Amino acid sequence: MLNEVGRSPLVSGFFWDDVWNEDCNIHDQVNDTCVDMGFKCSQNDKGEPWKCEDPALVQLTADYQRNMQALREAVLEAGKFTWQMLWTGGSDTNVGGGSLAPLVTRGKCAEQLRSMCNMSSPAQTRAMAYGLNGTSAKPTDVMNDMVNFLLTRSPYSWLGWGWDNAPAYKNVPGGCSREYYWPPEFDVDYGQRAAGAEGLCKETASGSQVFVREYSKATIQMDCNKWEGIVKMKV
């Protein structure tokens with residue numbers, strides 16, 4: 001991968017369409033892959049996915065994870081990146097999903113902001129990709145999505161659409177739209193936020209469910225009680 005082509009300055013990154021796990025729950029494969037490989041797997045009479053319980057498969061998965069970690073480190077060392085290294089929600093170690101979604105939602109707003117506004121959150125320790133409500137042609141909650149992104153973003157974060165676009169396009173040929181609306185709010189310079197824990201978003205008082213983060217040119221606020229995001233530009 002990192003041959004003279006992969007290391008070219010014309011290549012900024014890669015897409016690894018490759019996963020492996022000890023359950024043999026792998027996308028883009030034929031149903032009997034692990035059985036054909038000789039692993040001990042069983043299937044019930046309902047035709048449900050194979051259930052594999054084989055120490056050799058566990059070992060193969062561990063070896064795969066070690067190889068992928070070495071590859072990730074080599075790619076970063078080369079000054080490049082891959083989509084799968086993004087954090088798009090879920091557990092701390094999740095690989096980047098193709099269809100991005102908002103990581104702060106109305107029903108769990110305060111809970112999610114408390115979790116993500118923490119130095120140990122993958123929102124802060126990894127490169128985050130944050131999605132929008134609606135479709136790329138017609139986002140439906142731009143201000144609240146942008147406010148929650150600005151509250152939770154790390155120095156390396158992206159807001160927008162994934163390569164697989166929005167779930168609403170799943171039944172569209174090709175799986176995505178060719179229309180992308182650019183909100184005017186995205187052209188505003190909100191400035192920089194302080195580094196480290198000092199620059200994280202904070203709840204205004206214990207249990208208030210109102211979160212604030214200071215940027216050099218704006219104060220960003222989300223009131224989870226009202227699901228109301230506010231940007232106050234500084235003079």
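**Pockets and cores in a predicted model**

Tutor: This model is predicted. The lining of the second largest pocket divides into 11 nonpolar, four polar and four charged residues.

Student: Which residues that line the second largest pocket are the closest to its centre?

Tutor: They are Phe 149, Leu 150, Arg 153, Tyr 190 and Tyr 215, out of 19 lining residues.

Student: What makes Tyr 190 and Arg 153 lining residues?

Tutor: A lining residue has an atom within 4 Å of a pocket point. Tyr 190 and Arg 153 line this pocket, so each has such an atom.

Student: Why does Arg 153 count as charged and Phe 149 as nonpolar?

Tutor: Arg belongs to the charged class and Phe to the nonpolar one, so the residue type decides.

Student: Which elements supply the lining of the second largest pocket?

Tutor: Helix H5 (142–152) and strand E6 (157–160) each supply at least two residues. The volume of this pocket is about 350 Å³.

Student: And how much space lies in the largest pocket?

Tutor: About 600 Å³. Its lining has 21 residues, with Arg 72 and Gln 84 among the closest to the centre. Helix H2 (residues 55–77) gives the largest share, seven residues.

Student: How do you know that Leu 113 is buried?

Tutor: Leu 113 is in the largest nonpolar core, which has 25 residues. Core residues are buried, so Leu 113 has under 20% relative accessible area.

Student: Which element gives the most to this core?

Tutor: H5, with five residues.

Student: Why is Met 128 said to be in contact with Trp 87?

Tutor: Contact means heavy atoms within 4.5 Å. Met 128 and Trp 87 are in contact, so they have heavy atoms within that cut-off.

Note on methods
Residues numbered from 1 in each chain as written. Predicted model: local features only at pLDDT ≥ 70, side-chain atom pairs only at ≥ 80, totals over all residues. Heavy atoms only, no water. 1 Å grid on protein atoms, 1.4 Å probe; cavity = no way out; pocket = protein on both sides within 12 Å on 5 of 7 lines; lining within 4 Å. Points joined across faces, edges and corners; volume = space filled by probe spheres on them. Helix = DSSP H or I, 4+ residues; strand = E, 2+ residues; numbered from the N terminus. Core = buried A, V, L, I, M, F, W, Y, C linked by side-chain atoms within 4.5 Å. Buried < 20%, exposed > 50% of the residue type's maximum accessible area, 1.4 Å probe, protein only. Lists of a residue's contacts leave out its neighbours within four places in sequence.
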